[in-house]
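These are my notebook entries on a single protein chain. I set out to look up a few helix packings, one sheet and some individual residues.

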Amino acid sequence: MNSEKRIISVLHHTHWDREWYQTFEAMQIRLRDVIRHIVTMIENHQIEYFYLDGQTCVLDDYREIVSKEEFSRLEELIRRGKIQVGPWYVLADEFLCPPEACVKNLEIGMKTAKEYGSFCRLGYLPDTFGHIGSMPQILKEFGIDCAVVWRGTNPSDCEVWWEGNDKSRLATLVLSTRDGYYQTFLKHQDYERELDAYLDFHNRKRSWNCPVLMDGADHTVCNDDVLKKLRAYENDRNVQFQEVLANQLCERLLKCDIQETVKGELRDASKIYVLSGTWSSRMYLKVMNQKCVDAMVHRVEFLNAWEAGKSRSEALLEHMWKKLLVNQAHDSICGCSIDEVHSDMESRFRQILESANQYADTVLEQLYPYEYMDSSVFNEWLHMIHNTPYQERTLVTAVILVRKKEDQGGIALYDGDQKLDIRIAERVEKEVFFHHSFAEPWYEDAVEYRIEVHITFQGMEHRCFQIKTCPPEAECPPETVDFISNEYYELRVEEGSVSVRQKLTGKQYKNQHIWTSVPDAGDSYNSSWLEGQETVLGKIETVQCRKDCMKQTMVIRWRLEAPAGLDVKRTGPCEERKELTITTRFQLIPGSPLIRVHSQVHNEAKNHKLKIEFRMPEIEYHESDTAFDLVRREVRKPSAGAARPNEELEICQDPSNSQIYAGDIQIVHIGMQEYEVEKRGEGDVCSLTALRCTGDLSRRDLRTRGGGAGPGYETPGGQCIGDWEFDYGLIYGRELFSPEHVIELKTSPIIKQSYVWSPDERRLWLTGNILYSSYQYSDGGWVLRMFHQKDWEEVINVRLGRTGKVWLSDLGGLKKEFLGEGDSFSIRVPGCKIITMRVEEL
């Protein structure tokens, strides 16, 4: 035996799901007790170090319910380097976390950690349900060199290079046992036998050059006697245990001679489940999450940048982001918690939207005030801010108020001397309640006009239009037609489904947008099919096609009779049927290749998956996006048979943040984050999941997973009974594909009526095949972020509305390359690269 003992790092930790099988309020009290125990153990020299699960939200949660004196004990240990925190604010699910939320998660987490004197260089990802391919790039851009992962990869070595989509590489420690970070045997009487087995398993690996023992598990910490047990184990064995912090683990990992490389997205379930059914569990949470992120990015952060931070709202924005980020914890946003947790999440989502709307109202009122007290003042100016840098002709819907005594029955809108074509969609006489913090509340009899108007924007810009009252003008009434069309498409219903003719190529796409339902005997973590299951097709009941001077719409009402649920043995559908009613509106706008779709679903059935199918010829591959990545995927056939114990079957579903490319179809969506492409007959079918209805947190009788994944609690809220709405868009023909379409779907111009005129102003515009991500204001400068989705080099052109000093920076804000002074810049962007530009005034 070698006389030199093998050093094994011991990382004392706890994995803290802030809500899961208990509500946050219950877990917060348990967190208090756990942190008290950790602090006492360190103060009593029972352990030397502790790692607080890589997320700083626990510090906020703990501080809320303890005294200042008690919190200061924890803070002192963090500053002394005894307890390490960060780098994340919350351990979020990677596939369900939009790009800018992922950035904010690290930005706020690292900022918080540094405020306590802690900086963690470890990209700690111990329990995420698989990993996105851009994560190495994201972590490297924040100065993080190492990572720890468990799920999604099962290499031969315990230490690997993880190569991201842009070829960035992270030294990565792979937790190689099936239990991963979840190691509790030091609590047991026979810990020596279990520790022997743990070491023996790792010694059989091809490489274990950075030995580590993860001492901790979900919602629990080490016992008082942990060091006594480790020292006793060392006495007659050739090992030595050393307690470490995460940074020490990084140092040891970086010294390893790493031989193996894993690449891109990590979704291998051969070691441990990756639980991909969570992409569709409680889909309404994913939709609300995306809407909240869009509100934060495209309204709140954008307006803060537009006004150059004059409202001094940095603390408010951080507060709002924190409230949103805690909803993205992997057991929260994944929809795999108890009903009470998800009810709390819905409340937080609504609060975020209310805060975002009030913030926007406050900023806009400062920029373009509205006068409601002085009846002699007419609020005659309509301000529009286009909040994306792309050129776009769009249909704008605006609400205009006119005092009743000033109303003549109609309104007109002018761009300078040019009268614009508008459509008055609605005119309502009503009492309006005005309220402002620095003026008295006021009631006014008014007329509310909802108008539609086509506006061409050249990029990120402000336009100002004049409102004039006038007598009612003759309008073209909506016309009933047999089909709808614009320059790009013709849509009609044929043979019980939607048919699309692409005018530029003449291609016909039949059997499009078919609503289907299949039984699902799964739980919140995984779908599970039934042997010999049948698909129920939606039947079209009514079709109404109308066109007016602004748009054309086709409204289809479907009826779908699905089984009410499963039979008693859960081996097949029950005999009772429930009727689902679905109303879908397709909208075509002149000049736009984006078919906007809005669906309303009334669901009464349980244990089924509701999908929208698009039939297509056989294709070689399909693509979908995750945060800062676009992944090419194989077309697969559905798996057959049943999972063996501890096995998770691979099925056809894939994740999507907001874009899908399959054959000649591009699908963009808001929060519908699961889709499937599978071979069927002589062709392929692309399906977008709308609902997956299940009533159990976890079960142990699934065909697709050989064991449980959590507590076996009933979760009737997961059946998604009720009314749901979905927004998505379709583009047919590869010559029309563009990442701009997803931004077009997610954003709309910001509108404010005012008595103050302001000149038109163009701030920013882009040309080149690149995806715009955000426009923010930070530390006295403007930050523009973009992502190049393809793997080849692209030249983009950025034009500014004013001359400035411009740098390329990393995600953490560090300036990397000075591009110069000016108002126009051409940038060569490498493939799959995140680009962050910082602009400062001269």
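The entries below follow the order in which I looked things up.

**Entry 1: status of the model.** I note first that this is a predicted model.

**Entry 2: α1 and α3.** I began with helix α1 (residues 24-43) and helix α3 (residues 68-79), whose axes come within 10 Å and cross at roughly 55°. That angle makes α1 oblique to α3. I recorded the crossing of the two as left-handed. On the α1 side I listed Ile35, Arg36, Val39, Thr40, Ile42 and Glu43, which meet Glu70, Arg73, Leu74 and Leu77 of α3.

**Entry 3: phenylalanine 95.** I then located phenylalanine 95 in the loop between β3 (83-84) and α4 (99-115). Is this phenylalanine 95 buried or exposed? Its relative accessible area is 1%, so I entered phenylalanine 95 as buried, the cut-off for that word being under 20%. Setting aside neighbours within four places in sequence, I found phenylalanine 95 in contact with Phe129, Gly130, His131, Ile132, Glu265, Arg267, Trp279, Thr626, Pro655 and Gln673. For one of these partners, glutamate 265, I looked up the separation: 170 residues in sequence, and 9.9 Å in space from C-alpha to C-alpha.

**Entry 4: α6 and α7.** Helix α6 (residues 191-203) packs with helix α7 (residues 226-234) at an angle of about 65°, and I noted 11 Å between their axes. The two helices are therefore roughly perpendicular to each other. I registered a right-handed crossing where α6 passes α7. The contacts bring Tyr191, Glu192, Leu195, Asp196 and Leu199 of α6 against Lys229, Leu230, Ala232 and Tyr233 of α7.

**Entry 5: the annotated region 274-349.** In UniProt, I found an unreviewed entry that places the feature "domain: Glycoside hydrolase family 38 central" at residues 274-349. Over those residues I read 67% helix and 0% strand, with the end C-alpha atoms 26 Å apart.

**Entry 6: α10 and α12.** I next examined helix α10 (residues 314-325) against helix α12 (residues 339-367); they pack at an angle of about 155°, with axes 9 Å apart. I therefore describe α10 and α12 as roughly antiparallel to each other. Their crossing is left-handed. From α10, Leu316, Leu317, Met320, Lys323 and Leu324 meet Arg348, Phe349, Gln351, Ile352, Ser355, Ala356 and Tyr359 in α12.

**Entry 7: an open sheet.** I traced four strands that form an open sheet in the order β19-β20-β21-β22, with antiparallel pairing. Which strands stand at the edges? They are β19 (484-485) and β22 (508-512); each has a single partner strand, so one side of each is left without a neighbour in the sheet. I counted two bridges joining β19 to its antiparallel neighbour β20 (residues 489-494). Within this part of the sheet, serine 485 stands opposite glutamate 490 in β20.

**Entry 8: histidine 741.** My last residue was histidine 741, which I placed in helix α13 (residues 740-746). Its relative accessibility is 6%, and histidine 741 therefore counts as buried. Apart from neighbours within four places in sequence, I listed Pro593, Leu594, Gln666, Val668, Ile731 and Leu736 as the residues in contact with histidine 741.

Key:
Residues numbered from 1 in each chain as written. Predicted model: local features only at pLDDT ≥ 70, side-chain atom pairs only at ≥ 80, totals over all residues. Heavy atoms only, no water. Buried < 20%, exposed > 50% of the residue type's maximum accessible area, 1.4 Å probe, protein only. Contact = heavy atoms within 4.5 Å. Pairing = 2+ DSSP bridges. UniProt positions renumbered as here; feature names shortened; annotations may be inferred. Axes fitted to C-alpha atoms, helices over the stretch in contact; angles between N-to-C directions. Parallel < 35°, antiparallel > 145°, perpendicular 65-115°, else oblique. Left-handed = near helix turned anticlockwise from the far one by under 90°.
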